[in-house]
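Reader: I would like to go through this model by question and answer. Please show it before we start.

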Amino acid sequence: MAAPMAAAVARAALWAAGAAAAGPLRLGAARLPGSRWSGRISALGRILGVPSRWNGSSSALGRILSVPSRWNGSSSALGSLLGIPAEAPPAALGRHPPPVATDREEQKRLLENRPDQPQNPRVLRVAIIGAPNAGKSTLSNQLLGRKVFPVSKKVHTTRCKAQGVITHEDTQLIILDTPGLTNPLKAKRHNLEEAMLTDPWDSMKHADLVLVLVDVSDHWTRNSLSREVLKCLSQFPHIPSVLVLNKVDKLKKKFLLLEIATDLTEGIVNGKKLEVKSTLKQDSRSSAKPPFDITRASPSESKVPGSPFGQEKNQAQEGSGLDKSSDVGGAGTGGGQGPKHHEPEDLKDTKGWPHFQEIFMLAALRGEEVDTLKRYLLMQAKPGPWEFHSDVLTNQSPQEICDNIIREKVLEYLPLEVPYGVTQVTEMWEEGECGELLIVQSLLVPRESHKRMLIGREGKVISRIAQEAGQDLMNAFLCDVRLKLKVEVKG
């Protein structure tokens, strides 16, 4: 009993010392959009050819770039992408995130603890959906400030839904990280559990707001939402949705961002019509006017010809749609307001969703503009009781986090479909005399050839997997971790 207690005290001391030494947590340079870049007299205004009557953060350009009028900052996301210099970023958000408990029972007690409610608590449940490998788990980890969700270049790294908890002052954000939306055929091909098909839909049922993540570096898919995403949005039209364009750092031609945004929104954002006229292809560094033409439209004009969504009246209001056109806490009470429910056959020729309330552009892996999105989410929280104690970072058990991180490394180092057939069995999980965490896990593979691949020449592959996974586990648990991996063929 003394050893686990000493280990817990040591981890708490390490966490406190790290927070004191490092100062406020920095998840990424936050550059809030502001009015000085949205008028004709500004650099961005001249680049985009914005009419002089569109001045201030409440302008059409401001709404397109998710600039609520109450925000005051130094530069916008698109401004930074186009190389416009930014002023000093605002103060960092909150404290360092707490570590995850290494003991299953300790984590269980934390989850069962009554939340330490502030005087005026606020809460927001955020579902993150998108195609496989769009960067959902990477974004979730960046928002949390600590890696607890697996990340890999391979598809279907996340195998089941999990929750992350962000507590900032009197506000609690609950991040619902979900598997990529897929279909039964692809699930069978990758030997995926049934939960991979149902978990994203279950998360939507409990969400107050949904982030739709799109990988803009994939030129094959970036100009249209997948059928699975559109079906999910159409089944829950009363839930406010926000479009997040990810991996913008990999897009060389930045002027394509507004064209992509127009395609993905059916030309409408928060009830305002966007027009992008392609005249010529040019590099974003050019001082010439890019092929954008952004215009305001009255609600009666905000319809997309040929789109099944163009037949309904748009209910979005100016400014932040979550403040005026919908009640975030009232999921399921949409009634006659907002977009109507659409049947699957209505989506046959549809590429985008015209009911997004905001658009954000970021690079989740590098943390660019993640704080901007995080501040927006904190602002959308509504009065309501917290669901978790402030010391909770995730609802996952320590063993689940360990399994996920090891599987992430296996996915990275094994080719093609091989890693999807690996079964993990934890043989030992205990704390050592000095408080270190001792883990022994067996990786069971179906064939001898797979075993040789996983071990690698002179054991280099399995050694690298153990080393990298151990480092990630130390960052999650804030304690020393000694991880031993064994490879065996299934009997």
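**Gly164 and the cores**

Author: This is a predicted model. Setting aside neighbours within four places in sequence, Gly164 contacts Leu144, Phe149, Leu173, Ile174, Ile175, Leu393 and Thr394.

Reader: Is Gly164 buried or exposed?

Author: Buried means under 20% relative accessible area. Gly164 has 0% relative accessibility, so Gly164 counts as buried.

Reader: Which strand holds Gly164?

Author: The chain has 15 helices and twelve strands. One strand covers residues 162-168, and Gly164 lies in it: strand 2.

Reader: How far apart in space are Gly164 and Leu176?

Author: In sequence, the two are twelve residues apart. From C-alpha to C-alpha, Gly164 and Leu176 are separated by 6.7 Å.

Reader: Which helix gives the most to the largest nonpolar core?

Author: The largest nonpolar core has 55 residues. Those with the most contacts inside it are Leu139, Leu211, Leu373, Leu377, Leu473 and Phe477. Seven residues of this core come from residues 460-477, the top contribution, made by helix 15.

Reader: How many residues are in the other core, with Val212 and Leu245 among them?

Author: This core lies apart from the largest one. Its members include Ile260 and Ala261, as well as Val212 and Leu245. The count is 40 residues.

Reader: What does Leu139 touch, not counting residues up to four places away in sequence?

Author: Leu139 is one of the residues with the most contacts inside the largest core. Beyond those near places in sequence, its partners are Ile128, Leu211, Leu213, Leu362, Ala364, Val370 and Leu373.

Notes:
Residues numbered from 1 in each chain as written. Predicted model: local features only at pLDDT ≥ 70, side-chain atom pairs only at ≥ 80, totals over all residues. Heavy atoms only, no water. Helix = DSSP H or I, 4+ residues; strand = E, 2+ residues; numbered from the N terminus. Buried < 20%, exposed > 50% of the residue type's maximum accessible area, 1.4 Å probe, protein only. Contact = heavy atoms within 4.5 Å. Core = buried A, V, L, I, M, F, W, Y, C linked by side-chain atoms within 4.5 Å.
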